[in-house]
Amino acid sequence: MKPIIVVHHHEIGLKGKNRNYFEKQLLKNVRTALTGLVHSHLIGGGYGRFVISLESNQNNIDEIIDKLKRVFGLSNICFGMEVEQSIDAFNSIALELLKDKKFNSLCVRTKRANKNFPLTSVEINEAVGGFLCEKFNVRADMKNADETVYIEIANQTAYVYLSKIQGAGGLPAGISGKVVSLTSAGFDSPVASYRLMKRGARVIFVHFHSFPYVSRNSIDQVKGIVGKLTQYQYKSKLYLVPFAEFQQDVVLKTPMPLRVLLYRRMMVRAAEKIALREKANALVTGESVGQVASQTLRNIRVVNDAAKLPILRPLAGSDKEEIIQIAREIGTHNISMQPYDDCCSFLTPRNPDTWADSDAVIEAETRLDIAGWVKRLVENSEVEEFQFPN
Ligand code: ATP
Ligand code: MG
């Protein structure tokens, strides 16, 4: 008898080759997430779930569960025991697992991979369910039970476990390809990146900063944010792009109300060049329609026109409170809350144009060496790598 954790896959509607790929990547991610806690050869499985074998005296179960909660692609996390294949063993383990729980109804669900076991799944459900309902004086409920006991009869062994902890859902990190996220130290862009990671995208981060004309705050904060987010994708790359010289050129040559849009269009262009270099298929921003003056639909359109790659805006329809709630859950909130020098407030008017005239923007850009700047910005950027666990 040994403790185990069983994790079930999310969105197993996927079929054929995709499903194999999904499972392989998910297994790899679970093993990475548990580096240093559980040896990778103790994590295995298939058939829509993995089994993690623990030591009888394992004392870091809470930490293991905590790590598993951040693995995208898992629908739930169940704690239980590996036991011999007998009704007596199922009964006594289920009794032990349920003993401190409060519940009025119970359901037992059995799966049999080994068809040699003398009872059918339904007969096992009835035998164990009958025993437990009598012991705890509760009723059987196959649809809406307070507690469910799962029994799995594998080839040599059996697993008995309860389902309780909800997994992160989504798709395994890395299976959807790469995106480049324009990341500031604010609340929104880290949450936007998280949303894309949850759909299986590997996020490459790009931050534009005005150091040394302003402090390093925004750089340090973005590094902290990328560190937090790397917990969900295990490996990250951050491009730090020095933006101040371009901004000075803009200030010298273009009218004030257009400047924020000119900065944004240049950010999008440089990010696109990085995306092509990294073989990423899309850009990501934290824009939310109407949240600030620079994010009117009209301005979003003018910024959008600067790139050919799709720009994903997972927060387009989210309110600030929803965004902040997620930022709290993923641990970026306290970092974003710190004051920082945003490159867009460096040399920028307080009230940018809310209804940009794209002809005026394009005309202003004829005064700047756009292609030269894109090239220089990317060439002058520094790249930093992050790893989790580190
Ligand atoms: P955030 O909280 O993400 O900073 P925000 O509400 O402050 O968003 P803006 O500052 O107008 O909005 O920025 C809109 C989007 O442009 C950001 O979500 C981000 O994707 C991108 N962006 C803004 N500043 C930077 C920067 N310095 N580096 C990289 N991307 C940026
Ligand atoms: Mg911002």
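**Exercise 1. The surroundings of ligand 1**

Which of the 20 residues around ligand 1 come nearest? Describe the contacts and the make-up of the shell.

*Solution.* The model is predicted.

Step 1. The residues that come nearest to ligand 1 are Leu182, Ser184, Asp188, Ser189 and Gln291.

Step 2. Polar atoms are examined next. An oxygen atom of ligand 1 lies 2.7 Å from a backbone N or O atom of Leu182. A nitrogen atom of ligand 1 lies 2.9 Å from a backbone N or O atom of Phe208. From Gln295, a polar side-chain atom lies 2.8 Å from an oxygen atom of the ligand.

Step 3. Ligand 1 exposes 580 Å² when taken alone, and the protein buries 92% of that area.

Step 4. Two or more residues of the shell come from each of α5 (188-198), β10 (202-209) and α8 (259-278). Of the elements, β10 gives the most, with 3 residues.

Step 5. By residue type, the shell comprises 7 nonpolar, 10 polar and 3 charged residues.

**Exercise 2. A salt bridge between distant parts of the chain**

Determine which residue pairs with Asp188 in a salt bridge, and where the two partners lie.

*Solution.* Step 1. The partner of Asp188 is Lys320, with the closest N and O atoms 3.1 Å apart.

Step 2. Asp188 belongs to helix α5 and Lys320 to helix α10 (residues 320-330); the pair links distant parts of the chain, 132 residues apart.

Step 3. Asp188 has a relative accessibility of 10% and therefore counts as buried. Lys320, at 30%, counts as partly exposed.

**Exercise 3. A salt bridge within one helix**

Explain how Lys253 and Asp249 are placed along helix α7, and state their accessibility.

*Solution.* Step 1. The two residues form a salt bridge whose closest N and O atoms are 2.7 Å apart.

Step 2. Because Lys253 and Asp249 are 4 residues apart in helix α7 (residues 244-253), about one helical turn separates them.

Step 3. Lys253 is partly exposed at 35% relative accessibility, whereas Asp249 is buried at 11%.

**Exercise 4. A buried arginine**

Establish whether Arg112 is paired or unpaired in terms of salt bridges, and list polar contacts of its side chain.

*Solution.* Step 1. Arg112 is located in strand β5 (residues 105-112).

Step 2. Arg112 is buried and has no salt bridge. The nearest side chain of opposite charge is that of Glu123, 6.9 Å away, while a salt bridge requires a distance within 4 Å.

Step 3. A polar atom of the Arg112 side chain lies 3.1 Å from the backbone oxygen of Phe117. The side chain of Arg112 also reaches the backbone oxygen of Leu119, at 3.0 Å.

Methods: Residues numbered from 1 in each chain as written. Chains lettered and ligands numbered in written order. Predicted model: local features only at pLDDT ≥ 70, side-chain atom pairs only at ≥ 80, totals over all residues. Heavy atoms only, no water. Near = heavy atom within 4 Å. Polar contact = N/O pair within 3.5 Å; in protein donor to acceptor, adjacent residues only side chain to side chain. Areas by Shrake-Rupley, 256 points an atom, 1.4 Å probe, with all protein chains shown as cover. Nonpolar A, V, L, I, M, F, W, Y, C, P; charged D, E, K, R; others polar. Buried < 20%, exposed > 50% of the residue type's maximum accessible area, 1.4 Å probe, protein only. Lys, Arg positive; Asp, Glu negative; His and termini not counted.
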